[in-house]
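Reader: I would like to go through this model by way of its sheet and the helices around it. Please show the sequence and the structure before we start.

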Amino acid sequence: MRIILVGPPGAGKGTQAARLVDHFRLPHISSGDMFRSAIEAGTELGKTAKGYMDRGDLVPDDVTIGMIMERINQPDCAAGFMLDGFPRTLPQAEALQESLASAGISLNAVVLIEVPDSEIIRRVVGRRLDPQTGQIYHINFNPPPVEIADRVIQREDDTEVTCRSRLQKYHSETAAILSFYDDLGLLRRVDGNCSPDDVARSVIRALS
Ligand code: AP5
């Protein structure tokens, strides 16, 4: 199964992917996580991506497309994958479509997790991550357990100012891919403005 999760920043793509990869037994490929790992490792890719990410801008298409194409061509993706955060622009969606078509394979579905902008800022600014496990928390909606509360971190781009810029990019750039996938009959819309369990149930229903 080849699935894409799309949605605004903080929609819950990472939260849902963590649940869905267990359910569907697919590798979870998050472009944002890949860029953050590259930054931490101090690679050239990380150095290129950092400035864009800190400003809430998109990393250029050629860099992003190359990184993802290399990843999905690895053996663990042969039977399928769950993409989270890629594609985000029309050229990215077209490059993915072309690459899959040339390999004689296709996507099964593109799931759009819809959350109103008014909710997004609260989710993003309150997000905390456990650097040891990658587990995602929220200071109000899903607080970290007391024993790990000292080690959770906040992402550098999770400020209100940067989140507004990311949200603006989402509306200006990513909206185009929704009609692209709708025209291909692949788009499934899911209400993301409810509990994570309810969202997971809706996504599984949308994919079945
Ligand atoms: P990326 O890491 O992909 O960030 P994003 O798309 O902005 O998404 P987030 O990771 O912020 O949110 P999420 O939807 O995963 O939400 P989460 O589950 O964590 O990208 C970061 C940057 O990298 C980009 O800005 C760009 O610079 C670059 N980049 C990445 N991909 C790129 C690409 N393809 N092209 C170019 N540049 C790219 O949840 C958020 C919070 O809400 C958490 O605290 C969680 O606990 C809480 N929460 C989740 N679900 C619920 C719920 N149902 N109810 C209440 N709270 C909830």
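Reader: Over how many bridges do strand E1 and strand E3 pair?

Author: This is a predicted model. In it, strand E1 covers residues 2-6 and strand E3 covers residues 81-84. Arg2 has Phe81 as its bridge partner in E3, and Ile4 stands opposite Leu83. The two strands pair in the parallel sense, and the number of bridges is 4.

Reader: Which strand is joined to E1 by 4 bridges and runs parallel to it, apart from the E3 pairing?

Author: Ile3 of the strand stands opposite Ala109. Ala109 belongs to E4, and 4 bridges join E1 to this parallel partner. The strand asked for is E4.

Reader: In what order do the strands of the open sheet lie?

Author: The sheet is open and has 5 strands with parallel pairing. Its edge strands, each pairing on one side only, are E2 (28-30) and E7 (187-191). From one strand to the next the twist averages 20°. The order is E2-E3-E1-E4-E7.

Reader: Which residue of E3 is the bridge partner of Ser30?

Author: E2 and E3 pair in the parallel sense over 3 bridges. Ser30 takes part in this pairing, and its partner in E3 is Asp84.

Reader: What angle does the direction of helix H2 make with that of E2?

Author: Helix H2 spans residues 31-41 and packs on the sheet. The strands it touches are E2 and E3. Its direction and that of E2 make an angle of about 65°.

Reader: How many of the residues of E1 are buried?

Author: In a regular strand the side chains alternate between the two faces of the sheet. On one side of E1 are Arg2, Ile4 and Val6, and on the other are Ile3 and Leu5. Both faces are covered, with these residues all buried. The count for E1 is 5 of 5.

Reader: Which buried residues lie on each side of E3?

Author: E3 is covered on both faces. Phe81 and Leu83 are buried on one side. On the other side the buried residues are Met82 and Asp84.

Reader: Why do the buried residues of H1 count as lying on the same side of the helix?

Author: H1 has 12 residues, which at 1.5 Å a residue should span 16 Å, and its end C-alpha atoms are 15 Å apart, in agreement. Its buried residues are Lys13, Gln16, Ala17, Leu20 and Val21. They are placed on the same side of H1 because the arc they cover around the axis is only 135°.

Reader: What covers the buried residues of H1, and which residue just after this helix takes a positive phi?

Author: The cover of the buried residues of H1 includes strands E1, E2, E3 and E4, together with helix H8. Just after H1, a positive phi of about 55° is taken by Arg25.

Reader: How wide an arc do the buried residues of H8 cover around the axis?

Author: Helix H8 (residues 196-207) reaches 16 Å from its first C-alpha to its last, close to the 16 Å expected for its 12 residues. Buried in H8 are Val199, Ala200, Ser202, Val203 and Leu207. They lie on the same side of H8, since the arc they cover is only 165°.

Reader: Which elements are included in what covers the buried residues of H8?

Author: One of them is a helix, H1 (13-24). The strands included are E1, E4 (109-114) and E7.

Reader: Is Asp157 buried or exposed, and what is its relative accessibility?

Author: Asp157 lies in the loop between strand E6 (136-138) and helix H7 (160-183). Leaving aside neighbours within four places in sequence, its contacts are Met53, Thr162, Cys163 and Arg166. A residue is buried under 20% relative accessible area. Asp157 therefore counts as buried, at 9%.

Reader: What radius of gyration does the protein have?

Author: The protein comes to 8 helices and 7 strands, and its C-alpha atoms fill a box of roughly 50 × 40 × 35 Å along the principal axes. For 208 residues a compact globule would have a radius of gyration near 17 Å. The value for the protein agrees with that, at 16 Å.

Reader: Among contacts between residues at least 6 apart in sequence, what share joins residues at least 24 apart?

Author: Buried residues make up 46% of the 208 residues. Of the contacts in question, the share that joins residues at least 24 apart is 70%.

Note on methods: Residues numbered from 1 in each chain as written. Predicted model: local features only at pLDDT ≥ 70, side-chain atom pairs only at ≥ 80, totals over all residues. Heavy atoms only, no water. Pairing = 2+ DSSP bridges. Axes fitted to C-alpha atoms, helices over the stretch in contact; angles between N-to-C directions. Contact = heavy atoms within 4.5 Å. Expected span 1.5 Å × (residues − 1). Buried < 20%, exposed > 50% of the residue type's maximum accessible area, 1.4 Å probe, protein only. Arc of directions from axis to C-beta. Rg over C-alpha atoms; globule rule 2.2 N^0.38 Å.
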